[in-house]
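Reader: Before we discuss any contacts, could you show me the sequence together with the model?

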Amino acid sequence: QVQVAESGGGSVQAGGSLRLSCAITGRILGINDMAWYRQAPGKQRELVARITRAGNTNDADSVKGRFTISRDNAKNTMYLQMNSLKPEDTGVYYCNAAVMSTVWVIRDYWGQGTQVTVSS
């Protein structure tokens, strides 16, 4: 079994910062791409940022220059440093990971989400 746990959400004022973490535990042979998604009230879930195992990243245009995605492969953990937060960044942030827990079988796993609230 594989477990995905996000942490680090909270409430901040506009212009503030938060750092999200995502820890993958359980039976893990390897982790390929990892990503952060978010879902605002009444909206569809959207990609925030993605990072490959080699560390290549791509970010949504709305967060470029403000958010930084990173990962520690030795710890099976991913991070999202969020600076200059805006009210429109409010939402539930989800961790997604492509995990190989059985040889040649890769599955997508999702966390339960962590709430980020940015007030103006």
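**Strands and ring faces**

Reader: Which residue stands opposite Y79 in β8?
Author: The strand β8, where a strand is a DSSP run of E at least two residues long, numbered from the N terminus, contains Y79, and the residue standing opposite Y79 is S70. This is a predicted model, in which local features need pLDDT of at least 70 and side-chain atom pairs count only at 80 or more, while totals for chains, interfaces and linings use all residues. Residues are numbered from 1 along each chain as its sequence is written, and side-chain values use heavy atoms, leaving out hydrogens and water. The residue asked for is S70.

Reader: How many bridges pair β7 with β8?
Author: Strands pair if DSSP finds at least two bridges between them. For β7 and β8, the latter spanning residues 77-82, the pairing is antiparallel and the number of bridges is six.

Reader: In what order do the four strands of the open sheet lie?
Author: The pairing in this open sheet is antiparallel. Its edge strands, each paired on one side only, are β1 (2-7) and β7 (67-72). From one strand to the next the twist averages 15 degrees. The order is β1-β3-β8-β7.

Reader: At what distance from the ring centre does R19 lie over the face of Y79?
Author: A charge sits over a ring if NZ of Lys or CZ of Arg is within 6 Å of the ring centre and within 35 degrees of the ring normal. R45 lies over the face of W110, at 4.8 Å from the ring centre. For R19 over Y79, the distance is 4.1 Å.

Methods
Axes are lines fitted to C-alpha atoms, for helices over the stretch in contact, and angles run from 0 to 180 degrees between N-to-C directions.
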